[in-house]
Amino acid sequence: QRLLRAADLDGPDTLPCVFLPDGTVLVAGGWFYNRSQELKSERAEKAYFAAERSVVSGNLPLAESDLKKMIARYDGTAAATEGKLALAQVLYEQNKFQAGIDALKGESKSGDFTSSIHALMAGGYEQLKKFKEAGSEYEEAAKTARFDPDRQRYQSLAANAYLAGGDSAKAKEIWTTLGADSKGTVAGEARVRLGEMTATPEPRS
């Protein structure tokens, strides 16, 4: 057996092939699969940008419809994940907060989009007054954030959500950690928040 390359075929692409003893030539199926995935991703990108035009136009029902069609056809691609993020925002703008959250469920491990997905879900939960869930999603966004400023901002938002939901102990725990980081981008805000929480009201005269 030997590996046949594009140079052997005098063609434009690299086609891994194997010669069998009986002279049969097998073209590696992996190449075709990879190429198929590349083409699918390219088509998905084009479909996403086409759907985005509906978003930009301000026609939210049409944008919702176009994005849903695009996601259904190209689910599993990076463009489809971007489409789900856009769809959630379109649904939020129509006050369909639970529907927006549902559109993002199942996408919690989407590479570079993971942090944004958790943060957007958190925003939806806040609108539904589900502050415990919002805080949890903001914390997940912080865990998956690539950069410290983003991580700290999400942690701060988590503390705000927990406090809004009545969990002052959890909020204090987060702000204490953020306030202890002298170089942190939200350290000043964290200290102010802690001061507000621990301040003792002056007695009335």
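The following questions and answers concern helix packing and aromatic pairing in a predicted model.

In this model local features need pLDDT of at least 70 and side-chain atom pairs count only at pLDDT 80 or more, while totals for chains, interfaces and linings use all residues. Residues are numbered from 1 along each chain as its sequence is written, and side-chain values use heavy atoms, with hydrogens and water left out.

Reader: How are helix 3 and helix 4 oriented to each other, roughly parallel or roughly antiparallel?
Author: Helix 3 (residues 60–74) and helix 4 (residues 78–93) pack with their axes 9 Å apart, at an angle of about 155°. Angles under 35 degrees count as roughly parallel, over 145 as roughly antiparallel, 65 to 115 as roughly perpendicular and the rest as oblique. The two helices, helix 3 and helix 4, are therefore roughly antiparallel.

Reader: At what angle do helix 6 and helix 7 pack?
Author: Helix 6 spans residues 114–127 and helix 7 residues 131–144, and their axes are 8 Å apart. Helix 6 is roughly antiparallel to helix 7, since they pack at an angle of about 165°.

Reader: Is Phe-97 buried or exposed?
Author: Tyr-92 and Phe-97 form an aromatic pair (ring centres within 6.5 Å) that is tilted (planes under 30 degrees apart count as stacked, over 60 as edge-to-face and the rest as tilted). Their centres lie 5.6 Å apart, with 45° between the planes. Tyr-92 has 12% relative accessibility and counts as buried (under 20% relative accessible area; exposed is over 50%, partly exposed in between, with a 1.4 Å probe and protein chains only). With a relative accessible area of 13%, Phe-97 is buried.

Technical notes: Axes are lines fitted to C-alpha atoms, for helices over the stretch in contact, and angles run from 0 to 180 degrees between N-to-C directions. Helices (H or I, at least four residues) and strands (E, at least two) are DSSP runs, numbered from the N terminus. Rings of Phe, Tyr and Trp (its six-membered ring) pair if their centres lie within 6.5 Å; planes under 30 degrees apart count as stacked, over 60 as edge-to-face and the rest as tilted.
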